[in-house]
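Q: Got a minute to walk me through this model? I'd like a feel for how the chain is put together before I go back to the bench.

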Amino acid sequence: MLNSALIKNHDTGQNSIRLDDVDLRILGELSADARMPNNILASRAGVAPSTCLGRVRALQDAGVIRGFHADVDPAKLGLRIAAMVSVVVRSEARNAMLEAARILRGLPEVQGVFVLGGTPDIMVHVITESIEALRDFVAAHLGANPAFSSTQTNIVFEHLFAAGKDESRSAKR
């Protein structure tokens with residue numbers, strides 16, 4: 001979710017998609033609550049509901065809106081251990097780094113994969129039900145991978161969301 005201030009400070013000179021104030025209001029509102037009914041969204045954006053619906057569809061078609069997502073609490077599903085695992089890729093395997101990241105992305109424990117500039121090369125956000133499951137994941141999928149020279153696992157104690165976001169989403173792990 002984008003910070004609403006970032007959306008409001010959009011610089012049209014940096015990309016080819018032209019957004020006006022109505023588009024920016026729509027994006028700000030949907031970033032805060034993607035389940036908002038179209039009539040309320042239209043009212044907040046200051047346009048007719050049919051115009052609002054057309055704008056949302058145009059933003060989707062342009063790829064500005066990539067999707068609408070449910071915010072699921074992993075802890076409520078028994079997934080209480082979150083970690084950020086940094087991975088250093090062997091120099092001889094750098095040409096396969098993106099493919100390795102894509103493979104990691106497909107694993108059920110993986111919540112996100114970040115390919116970085118600098119060291120580490122890859123950061124993997126993992127959620128498991130236990131420390132033992134996390135250890136097994138790291139050993140099986142990262143430590144056993146010959147393309148990776150080292151890993152470092154950092155346990156997430158608490159995940160805080162950006163200021164102004166729904167405070168109930170900030171959950172202790």
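**Walking through the chain**

A: Sure. Buried residues make up 32% of the 173 residues in the chain. Keep in mind that this is a predicted model.

Q: Okay, how many helices and strands are there in the chain?

A: The chain has 6 helices and 6 strands. Reading from the N terminus, the order is α-α-α-α-β-α-β-β-α-β-β-β.

Q: What about the surface: how much of it belongs to carbon and sulfur atoms?

A: Carbon and sulfur atoms hold 52% of an accessible surface of about 11000 Å².

Q: And what share of the contacts with a separation of 6 or more is between residues 24 or more positions apart?

A: That share is 60%.

Q: Let's go to the helices. Which residues of H6 are buried?

A: H6 spans residues 131-143, and its buried residues are Ala133, Leu134, Phe137, Val138 and Leu142. They sit on the same side of H6, because they cover an arc of only 135° around the axis.

Q: Why would residues a few places apart point the same way?

A: An α-helix has 3.6 residues a turn, so residues three or four places apart point the same way.

Q: Which exposed residues are on the face of H6 turned away from the buried side?

A: Arg135 and Gly143 are the exposed residues there.

Q: And what covers the buried residues of H6?

A: The cover includes strands E1 (81-89), E2 (110-115), E3 (122-128) and E4 (148-156), along with helix H5 (97-105).

Q: Which residues of H5 are buried, then?

A: Met97, Ala100, Ala101 and Leu104 are the buried residues of H5. Their arc around the axis is only 100°, so they lie on the same side of H5. The face turned away from that buried side carries the exposed residues Ile103 and Arg105. As for cover, the buried residues of H5 have E1, E2, E3, E4 and H6 among the elements over them.

Q: Is Val115 buried or exposed, or something in between?

A: Val115 is partly exposed, with a relative accessible area of 41%. Val115 is in strand E2. Leaving aside residues up to four places away in sequence, Val115 touches Met97, Leu98, Ala101 and Asp121.

Q: How far apart are Val115 and Val87 in space?

A: Their C-alpha atoms are 9.6 Å apart, while in sequence the two are 28 residues apart.

Q: Switching topic: which peptide bond is cis?

A: The one from Thr119 to Pro120 is cis, with omega near 5°. Pro120 is in the loop between E2 and E3.

Q: Now the N-terminal side. At what angle do H3 and H4 cross?

A: The axes of H3 (residues 38-45) and H4 (residues 49-61) cross at roughly 95° and come within 8 Å. The two helices are therefore roughly perpendicular to each other. Asn38, Leu41 and Ala42 of H3 make the contact with Pro49, Cys52, Leu53 and Val56 of H4. By class, that contact has 6 nonpolar, 1 polar and no charged residues.

Q: And how do H2 and H4 pack?

A: H2 (residues 21-32) and H4 pack at about 80°, and their axes are 10 Å apart. That angle makes H2 roughly perpendicular to H4. On the H2 side you have Val22, Asp23, Ile26, Leu27 and Leu30, meeting Cys52, Arg55, Val56 and Leu59 in H4. The contact of H2 with H4 counts 7 nonpolar, no polar and 2 charged residues.

Definitions and conventions. Residues are numbered from 1 along each chain as its sequence is written. This is a predicted model: local features need pLDDT of at least 70, side-chain atom pairs count only at pLDDT 80 or more; totals for chains, interfaces and linings use all residues. Side-chain values use heavy atoms; hydrogens and water are left out. Helices (H or I, at least four residues) and strands (E, at least two) are DSSP runs, numbered from the N terminus. Buried means under 20% relative accessible area, exposed over 50%, partly exposed in between (1.4 Å probe, protein chains only). Contact means heavy atoms within 4.5 Å. Accessible areas come from the Shrake-Rupley method with a 1.4 Å probe; for residues, only the protein chains shown count as cover. The arc is that of the directions from the helix axis to the C-beta atoms. Axes are lines fitted to C-alpha atoms, for helices over the stretch in contact, and angles run from 0 to 180 degrees between N-to-C directions. Angles under 35 degrees count as roughly parallel, over 145 as roughly antiparallel, 65 to 115 as roughly perpendicular and the rest as oblique. Ala, Val, Leu, Ile, Met, Phe, Trp, Tyr, Cys and Pro count as nonpolar, Asp, Glu, Lys and Arg as charged, and the others, Gly among them, as polar.
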